[in-house]
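Biologist: Could you take one part of this protein and walk me through it closely? I'd like to hear what it packs against and what sits around it.

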Amino acid sequence: MTIDIEISGPARYSPSRSWAWGKTVGVSKQKAAENREAIIAAADGLFRERGVDAVGLVELMGAAGLTRGGFYNHFASKDALVDAVVAKAMADGFSDLDEAVTASEDRGSDPLTERIDWFLSPGHRADIEHGCPNTGFVGDARRLDPASRARYTKGLAANLDRFTEIVQAPGLDEGERRARAIALFSEMAGALLLSRAVADADPALADEILAGARTDLQSRVRAA
């Protein structure tokens, strides 16, 4: 970033020194942007893993490699941070879904069956920090401030719209197809959350939940 400096009277700095000062300020702004992104990334993982209310600013800033005092240089409040985190997570989640659907279609595969297999996999169950944000933030969603709650709702709605597009349901009108898509996704989300809830205490049961839901969903998709 280049900064123009207006100087009245004789120049106080040589051209090289003025250029260096402008470059330093530019790097500082870039570093500030990088720090902000680091805070959002750290908060995203911690919020999904532990819940928004369970994460304090000291822990959060430490996870981002920064000190607590620098938080308010980037966000006016924790609610403002939560809003930024949810907005980015839901946008990224939609982008991931859209890219996965497009890749499946390009391969000539059924995007719905592939999505079910991925969603109800042990790998996705374990990847709480980077998995589907619709399930990652579902426990906190109703307790968020209105702005963040609206972000989550908008992201979920967009996800369901895209999911509806890949549900093949001959003979059903648009409303019926959407209802089927919502039912399928709700079963996927519920099974994933139940499996995560017992994964540490009873790994066999956790796997059984995933496998049972995956088999049921795939059979319903094939029968449609």
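Modeller: Let's start where helix 3 stops: right after it comes Gly-108, with a positive phi near 80°. Keep in mind that this is a predicted model.

For some background, the protein has 10 helices and 0 strands. Of its 224 residues, 37% count as buried. Among contacts with a separation of 6 or more, 62% join residues 24 or more positions apart.

Now back to helix 3, which covers residues 78–107. With 30 residues at 1.5 Å a residue, helix 3 should span 44 Å, and its end C-alpha atoms are 43 Å apart, so the two values agree. Its buried residues are Leu-81, Val-82, Asp-83, Ala-84, Val-85, Val-86, Ala-89, Met-90, Gly-93, Leu-97, Val-101 and Ser-104.

What does it pack against? One partner is helix 8, residues 146–165: the two axes come within 8 Å and cross at roughly 5°. An angle under 35 degrees counts as roughly parallel, so that is how helix 3 and helix 8 lie to each other. On the helix 3 side, the residues that meet helix 8 include Val-82, Asp-83, Val-86, Met-90, Phe-94 and Leu-97. Helix 8 brings, among others, Ala-147, Arg-151, Tyr-152, Gly-155, Leu-156 and Arg-162. Sorted by class, the residues of this contact are 11 nonpolar, 4 polar and 5 charged. Val-82, Asp-83, Val-86, Met-90, Leu-97 and Val-101 are on the buried list for helix 3, and they also take part in the contact with helix 8.

Another partner is helix 4, residues 111–119, whose axis lies 9 Å from that of helix 3, at an angle of about 130°. The pair is therefore oblique, and helix 3 passes helix 4 in a right-handed crossing. Helix 3 puts Asp-96, Leu-97, Ala-100, Val-101, Ser-104, Glu-105 and Arg-107 into that contact, and helix 4 answers with Pro-111, Glu-114 and Arg-115. Here the classes come out as 4 nonpolar, 1 polar and 5 charged residues. Leu-97 and Val-101 turn up in this contact, and they appear in the contact with helix 8 as well.

If you want one residue of helix 3 to zoom in on, try Val-85. Its relative accessible area is 1%, so Val-85 is buried. Setting aside neighbours within four places in sequence, Val-85 is in contact with Ile-40, Ala-43, Asp-44, Phe-47 and Phe-137. Glu-37 is 48 residues from Val-85 in sequence, yet their C-alpha atoms are 9.6 Å apart in space.

One last stop, following helix 4 outward. Helix 4 is among the elements covering the buried residues of helix 9, and so are helix 5, helix 6, helix 8 and helix 10. Those buried residues of helix 9 include Leu-184, Phe-185, Met-188, Leu-192 and Arg-196. In helix 5 you'll find His-124, which counts as buried at 2% relative accessibility. Not counting residues up to four places away in sequence, His-124 touches Trp-118, Phe-119, Gly-131, Cys-132, Leu-192 and Arg-196. For His-124 and Arg-196, the C-alpha distance is 9.8 Å across 72 residues of sequence.

Conventions
Residues are numbered from 1 along each chain as its sequence is written. This is a predicted model: local features need pLDDT of at least 70, side-chain atom pairs count only at pLDDT 80 or more; totals for chains, interfaces and linings use all residues. Side-chain values use heavy atoms; hydrogens and water are left out. Axes are lines fitted to C-alpha atoms, for helices over the stretch in contact, and angles run from 0 to 180 degrees between N-to-C directions. Helices (H or I, at least four residues) and strands (E, at least two) are DSSP runs, numbered from the N terminus. Angles under 35 degrees count as roughly parallel, over 145 as roughly antiparallel, 65 to 115 as roughly perpendicular and the rest as oblique. Contact means heavy atoms within 4.5 Å. Ala, Val, Leu, Ile, Met, Phe, Trp, Tyr, Cys and Pro count as nonpolar, Asp, Glu, Lys and Arg as charged, and the others, Gly among them, as polar. The expected span of a helix is 1.5 Å times one less than its number of residues. Buried means under 20% relative accessible area, exposed over 50%, partly exposed in between (1.4 Å probe, protein chains only). A crossing is left-handed if the near helix is turned anticlockwise from the far one by less than a right angle, and right-handed if clockwise.
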